[in-house]
Amino acid sequence: MKRSAVLLLGSALGLALAASPPLRAKTELIYSLDTTCTIGQGKPQPCQVEALEVGDATEYRHRLGARTISYRILEDPYVRIEGRRASGDPWRSVRNAWINFGTNELCFNDRAFCVVNPTFLADVKADAEGPAFEERQTVGLAFGPSGRVDIACFDDGCRRLLEAIGR
């Protein structure tokens with residue numbers, strides 16, 4: 001899978017989910033990163049991120065001690081993001097995703113899970129075509145029940161959107 005999905009993430013924060021990959025899908029390590037992750041209102045804690053190509057998806061496995069929290073990006077039939085709390089749990093569509101380029105932080109589901117991942121966010125900016133991400137600090141996406149992007153916002157527009165919906 002090309003990182004054009006990340007490009008869509010960039011232009012609309014095109015993170016995404018999709019159909020499950022085949023049971024015996026080929027897995028290829030893209031990179032590994034020692035960083036920090038935060039669960040809910042907890043304090044940042046050390047975690048290791050492994051980015052892998054798994055079948056038709058790019059999967060990001062976040063290891064926090066003995067626990068692994070995963071998110072995957074799929075492109076077909078459209079860009080989506082799915083997550084699961086532990087290995088073996090079912091994949092579920094994420095409700096929203098937020099990027100803060102200033103802190104290199106990516107968060108899902110109203111900050112239920114956040115990771116500092118400068119490698120991924122550098123790829124998002126590098127893969128974005130044109131001026132879509134120049135000078136951007138914040139990008140947000142809200143996903144519909146099917147996993148498709150319903151709303152995308154950038155910078156001050158994200159703050160205004162949250163105000164409009166009463167958060």
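**Exercise 1.** Find out what joins C37 to C47 in this predicted model, and work out where in the chain the two residues sit.

*Solution.* Start with the sulfur atoms: from S to S it's 2.0 Å. The cut-off for a disulfide is within 2.5 Å, so a disulfide joins C37 to C47. Next, look up the strands. C37 lies in strand β1 (residues 27–39), while C47 lies in strand β2 (residues 45–54). The two are ten residues apart, and the pair links distant parts of the chain. Finally, check the twist: with 60 degrees about the S-S bond, this link of C37 and C47 is right-handed.

**Exercise 2.** Decide whether C37 and C47 are buried or exposed.

*Solution.* You need one cut-off here: buried means under 20% relative accessible area. C37 has 1% relative accessibility, so C37 counts as buried. C47 comes in at 5%, so C47 counts as buried too.

**Exercise 3.** Now do the C107 and C114 pair: give the S to S distance, the handedness and the burial.

*Solution.* The distance is 2.1 Å, and a disulfide joins the two. The torsion about the S-S bond is about 115 degrees, so this disulfide is right-handed. As for burial, C107 is buried and so is C114.

**Exercise 4.** Treat C153 and C158 likewise, then count the disulfides and write down the pairing.

*Solution.* The sulfur atoms of C153 and C158 are 2.1 Å apart, and the two form a disulfide. With 105 degrees about the S-S bond, their link is right-handed. Both C153 and C158 are buried. The count comes to three disulfides. Number the bonded cysteines in sequence order and you get the pairing 1-2, 3-4, 5-6.

Methods. Residues are numbered from 1 along each chain as its sequence is written. This is a predicted model: local features need pLDDT of at least 70, side-chain atom pairs count only at pLDDT 80 or more; totals for chains, interfaces and linings use all residues. Side-chain values use heavy atoms; hydrogens and water are left out. Helices (H or I, at least four residues) and strands (E, at least two) are DSSP runs, numbered from the N terminus. Buried means under 20% relative accessible area, exposed over 50%, partly exposed in between (1.4 Å probe, protein chains only).
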